[in-house]
Amino acid sequence: MDACFQGVQDMARRPLREAERPKQDGEAHHPLALPVATDALRIVAEGAPAGGAAVAHSRGLPDLGVDHPLGHRLMPLEQRAPTPTAGTGTTLRLGLDLGMSLIDTAEMYGAGHSEEVVSRAIEGRRDSVFLASKVSPSHFAYEDVLRSARLSLKRLGVKQMDLYQLHWPNPGIPISETMRAMEKLANDSLIRNIGVSNFSVQQMQEAQSATSTHEIVSNQVEYSLLERSIEADILPYCEKEGITVIAYSPLAQGKIPRGTGEPFRALDEIAGRLGKTRSQVALNWLLQDDSVVVIPKAIRKEHIWENAQASSWKLSREDYERLSKAFA
Ligand SMILES: NC(=O)c1ccc[n+]([C@@H]2O[C@H](COP(=O)([O-])OP(=O)(O)OC[C@H]3O[C@@H](n4cnc5c(N)ncnc54)[C@H](OP(=O)(O)O)[C@@H]3O)[C@@H](O)[C@H]2O)c1
């Protein structure tokens with residue numbers, strides 16, 4: 001188990017050393033994404049106001065020899081089931097014990113609570129965690145970004161975040177100003193990689209053009225069998241540029257497990273034949289694209305375990321295309 005966990009860390013670290021490498025003069029512009037292997041085991045510590053806890057992701061899942069959840073998405077403390085361990089980070093620590101290596105949170109989640117809980121969870125094991133957080137759009141002014149990052153670092157109890165993401169675009173503040181602050185954070189080694197969320201292609205391009213020394217490595221956007229808009233341009237662009245798509249609401253906020261109608265008959269037929277559940281097939285469909293990682297949210301333990309098993313197998317090309325058409 002320890003060896004497997006170490007293996008995961010090795011996978012995670014190797015590509016990131018590349019990703020953080022500043023471009024050389026004249027070097028072609030090929031952003032290095034968080035490679036899929038990096039996200040093989042992800043813990044999403046979100047805590048969105050309407051959200052619940054749980055999970056995460058899936059690709060390239062190493063065989064740990066045990067059934068295990070892929071991740072845990074942290075709820076705001078007040079929304080968490082009242083257990084003696086609530087808020088102590090115990091659940092996150094369990095995830096780490098099981099080999100999960102990436103924790104994703106945001107300053108906005110639980111008004112900073114989420115980051116504090118993450119801090120307790122990673123105590124004594126910082127080196128084996130890939131830590132990501134996000135700055136809120138209302139803090140995109142230069143000094144605000146710097147202050148937000150410092151406050152996040154303080155709440156997280158770390159000296160550096162592995163990935164720092166712009167949570168949504170903010171047209172009210174020039175992206176050049178925001179990116180200047182992100183660059184400063186990277187140059188000061190307070191963050192290792194820069195990511196965005198909910199950015200269009202144009203916004204990604206504008207953000208990238210605003211920095212000559214660092215790459216945008218990821219864009220967290222909505223993507224599921226029921227929400228395919230990113231296929232028009234964001235997905236192809238990210239594939240071409242080597243930017244990782246972090247797919248949020250990959251189960252369409254529970255509509256996929258509950259849905260009825262013709263496309264769902266195809267999904268059920270495939271799931272039944274493969275001995276999988278709808279959710280597992282729907283997540284596996286997303287993961288067919290090497291540029292995509294998924295962050296399903298689940299409060300219920302059985303959902304976490306179920307989603308954890310969405311990746312150690314592969315849909316056939318035929319089933320993949322049938323689903324693509326059925327849900328088009
Ligand atoms: N970056 C952004 O701007 C942004 C925006 C929106 C969302 N997100 C993040 O994306 C993540 C996921 O999105 P989401 O919560 O909107 O939707 P989702 O993950 O597509 O769906 C969550 C719903 O699906 C249910 N579920 C999960 N696994 C299941 C399974 N195996 N079988 C049956 N039902 C299952 C969950 O139930 P239980 O909870 O009862 O287990 C929950 O009701 C969240 O962490 C969210 O914070 C990010």
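This note goes through a predicted model point by point, from the overall make-up to single residues.

1. Overall make-up. The protein has 12 helices and eight strands. Its chain runs to 328 residues, of which 48% count as buried. Where contacts join residues at least 6 apart in sequence, 75% of them link residues at least 24 apart.

2. The nonpolar core. The largest nonpolar core holds 62 residues, and Tyr-164 and Ala-247 have the most contacts inside it. Helix H5, residues 175-187, gives the most to this core, with six residues. For Ala-247, leaving aside neighbours within four places in sequence, the contacts are Tyr-223, Leu-286, Val-292, Val-293, Val-294 and Ile-295. Of these, Leu-286 also appears among the buried residues of H10, the helix taken up next.

3. Helix H10 and its cover. H10 is mostly covered, with nine of its nine residues buried. The buried residues are Arg-278, Ser-279, Gln-280, Val-281, Ala-282, Leu-283, Asn-284, Trp-285 and Leu-286. Their cover includes S7, H8, H9, strand S8 (292-294), helix H11 (301-308) and helix H12 (317-326).

4. H10 against H9. One element of that cover, H9, can be described further. The axes of H9 (residues 262-274) and H10 (residues 278-286) come within 9 Å and cross at roughly 100 degrees. Angles of 65 to 115 degrees count as roughly perpendicular, so H9 is roughly perpendicular to H10. On the H9 side the contact is made by Leu-267, Asp-268, Ile-270, Ala-271 and Leu-274, and on the H10 side by Arg-278, Val-281 and Ala-282. By type, these residues divide into six nonpolar, no polar and two charged.

5. Asn-284. This residue is found in helix H10. Is Asn-284 buried or exposed? A residue is buried if 20 or more other C-beta atoms lie within 10 Å of its own. Asn-284 has 26 C-beta neighbours inside 10 Å and therefore counts as buried. Not counting residues up to four places away in sequence, Asn-284 touches Ala-310, Ser-311 and Leu-315. The C-alpha atoms of Asn-284 and Asn-307 are separated by 9.5 Å, and the two residues are 23 apart along the chain.

6. H3 against H4. A second helix pair is H3 and helix H4 (residues 142-156), which pack at an angle of about 45 degrees with their axes 7 Å apart. At that angle H3 and H4 are oblique to each other. H3 contributes Glu-115, Glu-116, Val-118 and Ser-119 to the contact, and H4 contributes Ser-152, Arg-155 and Leu-156. Here the division is two nonpolar, two polar and three charged.

7. Ala-111. Ala-111 has a positive phi of about 50 degrees although it is not a glycine. Ala-111 lies in the loop between strand S2 (102-104) and helix H3 (113-121). With 11 other C-beta atoms within 10 Å, Ala-111 is exposed, because the cut-off for exposed is 12 or fewer.

8. Ala-252. A positive phi of about 50 degrees is also found at Ala-252, again not a glycine. Where does Ala-252 lie? Ala-252 is in the loop between strand S7 (244-248) and helix H8 (255-258). Ala-252 has 18 C-beta neighbours inside 10 Å and so counts as partly exposed. The two elements on either side of this loop, S7 and H8, are both included in the cover of the buried residues of H10.

Definitions and conventions:
Residues numbered from 1 in each chain as written. Predicted model: local features only at pLDDT ≥ 70, side-chain atom pairs only at ≥ 80, totals over all residues. Axes fitted to C-alpha atoms, helices over the stretch in contact; angles between N-to-C directions. Helix = DSSP H or I, 4+ residues; strand = E, 2+ residues; numbered from the N terminus. Parallel < 35°, antiparallel > 145°, perpendicular 65-115°, else oblique. Contact = placed C-beta atoms within 7 Å. Nonpolar A, V, L, I, M, F, W, Y, C, P; charged D, E, K, R; others polar. Core = buried A, V, L, I, M, F, W, Y, C linked by C-beta atoms within 7 Å.
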